[in-house]
Amino acid sequence: MAEESCGEGNRTNTFVVSSRKRTIQKAVNRAGELLLLALASFVAVVVLFIFYFVARDAVPFFELRSFSEFFTTSEWYPADEPGKFGALSIIYGSLMVTLGSAMIAVPMGIAAAICLSDILPFSIRQYAKPVIEMLAAIPSVAFGFFALVVFAPLLQDKGGALLMWAWWILAAPFTVLFVIVLSDLLTTRIKDPARRKQLNLLSVLLFGLLSAGLLYRVGTLLHAIEILTGTNALNVSIILSFMALPTIVSVSEDALQAVGRDIREGSYALGATRAETIVKTILPAASSGILAAVILGIMRSLGETMVVWMASGNSAHIPEPWFNYLEAIRTLTATIAGDMGEADQVTGSARYHVLFAMGLLLLVISFICNLVSERIVVRQRRILSGQ
Amino acid sequence: MNLGTRKLLDRSFTSVGIGSIVIMALALMVVLVPIVTNGLGAVFFTGTVEHRKMLLSEFNRGDSRELETAIASSDRYRAKVYEMLSGFESEMAAMTPERQDEYRPKYGQVKTAVQALLGPLPGDPEPMLTRFKYGQTRWEKAEEKLHDLLYETKWDNSDPNAMSKEYFANRSESFAGTSLVKLFPYVRENMSNMLLPEFTVYWGFITDSSVDSHIFGGIWPEIQGTFFLAVGAMLFAFPLGVIAAVYFTEYAKSGFFNSMLRSANSTLAGVPSIVFGMFGLAFFINTLKVSESKSVIAGSLTLAIMILPTIIRAAEEAILAVPKTYREASLSLGSTKWNTIATVILPAALPGILTGGVISLGRAAGETAPIIFTAAVSVGSAIGLADVFSSPTPALSWNIYNLASEHEAAAQIRHVQYGMVLALVSIVLLLNLSAIVLRARISKKLKG
Amino acid sequence: MLMTDDVTVTSPDVPAQKSTREIYLPPARKKITGGGTPHIVAKEFSIYYGEFEAVKKVSADILSKYVTAIIGPSGCGKSTFLRSINRMNDLIPNSHTTGSIFFDGADIYGRYTDEVLLRKKVGMVFQKPNPFPKSIFDNIAYGPRLHGVNDKKTLADIVERSLKKAALWSEVCDRLDKNALGLSGGQQQRLCVARTLAVEPEVLLLDEPTSALDPKATAKIEDLIQELRGSYTIMIVTHNMQQASRVSDYTMFFYEGMLVEHASTAQLFTNPRDSMTEDYITGRFS
């Protein structure tokens, strides 16, 4: 190797350094890397600390009281002497609003994600994305304020009418579709086209009338409902669903995008319509990613504090009947937020520790959900790469 | 299934998808429109002479001479009201004791309503609370109070099976035959002469501190508190997050330990915000004792932990988006790995990292649950920069909750609440918007 | 209009001095009965992506039951032309077409043409094998199910028949319920062919079907094309000229979106009319 020496003639190869220098260099690099590692591990340390410090203050509750009181009784009178700490109704309230919001957010979120990934042209998608980002960015307390000040009075005054309109708008198109598809399926075996057409028409008329009657009946029933308080589980579920939507939409959209374009083309080339392609190939292929999205969305609803604290009514009881979303409920997060102010004056009391027990419960649930969704995403990636 | 049905299903499928996006957009509108319109009402409104009085004596703002003439002219009309009231008082004194007992509570209500409308009556003792020192400062509130003066709210319980219904009874009827009857039409007709409404732009809503727990004044302490908390959180989380991201992208090899770190990161991202608050209380305040009790620093640290995963993820993505060729080019020119990261990769990834940072800043500003136990107080004045280590602060997010749910006059100060929500939402959305713009710029730049 | 009897030429006279053209080695081929009528007819057909004209005023007759190869340098519009025959380009935003392509006498881009029914008749196999992440059986049964076949026995018959036609039956008959992604690349591609055959198309479009495969798998696909020749109208896009000469009866040469030459494979590879074609097949540019 011909080197042009620039004064340092004693070395032939400028890139060969003394072994000592090399060792020092390596050690410095190694030390720097370790420092980086230490700083990066901070995240893990924080997670451990969170578990430790929440658990540390939660365990005394179970020593003072018992698991069975916490999980199986629903009498919540923490201020009494002696206090009663049955959290069942509160846990139930949390589950109720989480489930309620999931029932709204999951179908809507998946539909919107499909729309973004497969249906809308790019020019419109550009505008739809910021809408979702803004929905995600609005602080939860603003949603809570809206739920309390705008939505709750509306629900209380015009609840029946609102329910009826929502029913009509949602149920009517689906019923029409259902009737048409049902009639088609019923007559699909008839060979003679003219006869099939006749029977099809007859069946559409018959089922159409039947279901229109049903729609109307349910509509009037809903209209007659009087909502006693606007701060109830329904209100919170609706608002929470809009907070969970952005998560569901963006994670499911990623999962749908991960299903390649070639698979879509394969299905179209066989003569599938867009809906068939999506339902029969893309959704099954992306199902686990979508499941992960749903889990993440549910976690958002479960962990949300401000909306439920402001607009759920904060009444610790299991509604009558158990599925009555029009009653006020109370959730874990709202209880922690609301009671800590009174309880932390007396650190060490069961009243203080019970809140940490609730926090620990939330933490454990969210930890499990996270692990599961992570597993699922990894599995989907493996399946799609064909292993 | 025949083809027509298949096509129909296809089309309905499309419309369900589009429908759900439209519903999301509508929901955004439905939430934002009342917040924006009512929130602007905190700054732009029809103010009365009482508002000007309040501004002059509480904030020493406004033209005192002009105000004096306004007060003089309004007092001329008010004097008659006071005359009528004292006239009725003397009339009542001449009545039989039974009739006196009948009229006294009713008259008391009238007097309270007039006080609420016009401020303390002449000869009243100086009120203790500032809120009673002035009449209605906003015209729309004055109209509500006028209604209270003219009508008595009663409840109809005649039907035992239905909920009792609200109805309004004319007050003048209950004073029929007395001199007070004239008061009601007089007040109704001379409202604007007594209160002198005019269109007001009250920028002080943003820059003033509050008077008598937000009955009057502005929201500066909250804005400042939010600023301190969010910026404080960024000071901790941003450098740490970027360093962690550099480690994850440039150094971490796929091993058990590193996958644990990644899991820890996503676990942290999934922890409910209220649990961060509990952790902040249990760790920063009760264990580390960074401060005696709630303080800005404890709140900032708690928020920092909360936004850390977001920053790490955004920074990771930004670093991974830097083309490999940059790295290779730099290394091939004889640069060390450190040097490459510091001079080539980080600068190239900076816009992306900043985007993540800006979004996290918005999140930190908007969160409530983590600061409930660690930093927020309901009422307080703006704190100095030196106090961040020891004293708590009011903050927009917390005070929105507090004013809307716990304030004793929550329904009276809706405009303040809306104003606060608008302030918070605009801060957060502006930050997000700038992030969106920043990102669009980056992608344009990367595309060339 | 091309003459059908060109195809039966098995030993073209190659001018001795042009040795570079000796890539044409016609294989022994079976006789085709009942084909040779214009099946797909393009008339002044153009396709635009936004402003860009990807295929420029192409007119051609594709004869039924024969194999037509499309060759040309990359980016010449050959794939685009192929994909426009079953309207796969509809999926690309911002694209539009002028002129027309007739299939069985009806305009593919006509107002009343249903692209779903069209794609049932004009099947397509893509560059990269793209089996659905489902079982082998479900992959093949996907198309028939879409078009209303739900009977288990019929489906099983269709699956077996299609796999046999695609020469894959013997390799997968014992693991029809296994995920199709577990097959090798060549098997996956033959599965895609079988999947297409299961909907009983009349035309088979192959878009560089062997570009992602190794030589052994490529040979199997080429054998398969020979098997299917005579039963289906086949169009194959390829960048491999040997492949075109091996499998096709006719060849179309595209350059920059234009159809430069369309002739029987024998003629195009031995005696091209256009100098550009000659430059391309002799490897002066690619």
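This is a short walk through one structure, chain by chain and contact by contact.

Okay, hi everyone. Before anything else, keep in mind that this is a predicted model.

Let's start with chain C. There are 10 helices and 10 strands in chain C. Of its 286 residues, 46% are buried. And if you take the contacts in chain C with a separation of 6 or more, 71% of them come from residues 24 or more positions apart.

Now, the sheets. One of them in chain C is an open sheet of 4 strands, and the order is E2-E1-E4-E5, with antiparallel pairing. Why do E2 and E5 of chain C each have a side left without a neighbour in the sheet? Strand E2, residues 52-63, and strand E5, residues 106-107, stand at the edges, and each has a single partner strand, so one side of each stays free of a neighbour there.

Let's go across that sheet pair by pair. E1(C) and E2(C) are antiparallel and share 8 bridges. If you want a spot to click on, Val41(C) has Asp61(C) in E2(C) as its bridge partner. These two strands make a hairpin, with 2 residues between them, and Gly50(C) in that turn has a positive phi of about 65 degrees.

On to the next pair: E1(C) is joined to E4(C) by 8 bridges, again running antiparallel. Here Ser46(C) is the residue to look at, with Thr98(C) in E4(C) as its bridge partner.

Then comes the E5 end. Strand E4 of chain C, residues 95-103, is joined to E5(C) by 2 bridges, and the two run antiparallel. Phe103(C) sits opposite Ala106(C) in E5(C). There's a helix on this sheet as well: H1 of chain C, residues 78-85, packs on it and touches E1 (38-49), E2 and E4 of chain C. The direction of that helix makes about 60 degrees with the direction of E2(C).

Next, a strand I'd like you to look at with side chains switched on: E9 of chain C, residues 250-255. Is E9(C) mostly covered or mostly open? Mostly covered, with 6 of its 6 residues buried. As a reminder, in a regular strand the side chains alternate between the two faces of the sheet. In E9(C), one side carries Tyr250(C), Met252(C) and Phe254(C), the other carries Thr251(C), Phe253(C) and Tyr255(C), and all of these are buried, so to speak, on both faces.

What does E9(C) pair with? Strand E3 of chain C, residues 67-71, pairs with E9(C) in the parallel sense over 4 bridges, and Thr68(C) is opposite Tyr250(C) there. E9(C) is also joined to strand E10 of chain C, residues 258-264, by 6 bridges, this time antiparallel. Thr251(C) is opposite Ala263(C) in that pairing. E9(C) and E10(C) form a hairpin too, with 2 residues between them, and in the turn Glu256(C) has a positive phi of about 45 degrees.

Okay, on to how the chains meet. For chain C and chain A, 24 residues of chain C are in contact with 19 residues of chain A. On the chain C side, the elements giving two or more residues are helix H2 (115-121), strand E6 (122-125), helix H3 (136-146) and helix H6 (185-197). H2(C) supplies the largest share, 4 residues. By class, that side of chain C splits into 14 nonpolar, 6 polar and 4 charged.

Then there's chain B against chain A, where the contact takes 75 residues from chain B and 74 from chain A. H1(B) gives the most to the chain B side, with 22 residues. That side has 50 nonpolar, 20 polar and 5 charged residues.

Let's zoom in on one helix pair there. The axes of H4 of chain A, residues 88-119, and H1 of chain B, residues 3-40, come within 8 Å and cross at roughly 110 degrees. The two helices are therefore roughly perpendicular to each other. Among the residues that meet are Met108(A), Ala111(A) and Cys115(A) from H4(A), and Val16(B), Ile18(B) and Met24(B) from H1(B). The residues of this contact divide into 11 nonpolar, 3 polar and no charged.

Two last stops. Tyr216(A) is in helix H7 of chain A, residues 193-223, and it counts as exposed, with 11 C-beta neighbours inside 10 Å. And chain B is assigned domain 1 (49-202) and domain 2 (220-447), with their C-alpha centres 50 Å apart.

That's me done, thanks.

Notes: Residues are numbered from 1 along each chain as its sequence is written. Chains are lettered from A and ligands numbered from 1 in the order in which they are written. This is a predicted model: local features need pLDDT of at least 70, side-chain atom pairs count only at pLDDT 80 or more; totals for chains, interfaces and linings use all residues. Two strands pair if DSSP finds at least two bridges between them. Two residues are in contact if their C-beta atoms, placed from the backbone, lie within 7 Å. Axes are lines fitted to C-alpha atoms, for helices over the stretch in contact, and angles run from 0 to 180 degrees between N-to-C directions. Angles under 35 degrees count as roughly parallel, over 145 as roughly antiparallel, 65 to 115 as roughly perpendicular and the rest as oblique. Ala, Val, Leu, Ile, Met, Phe, Trp, Tyr, Cys and Pro count as nonpolar, Asp, Glu, Lys and Arg as charged, and the others, Gly among them, as polar. A residue is buried if 20 or more other C-beta atoms lie within 10 Å of its own, exposed if 12 or fewer, and partly exposed in between; C-beta atoms are placed from the backbone. Domain bounds come from an automatic or database domain assignment.
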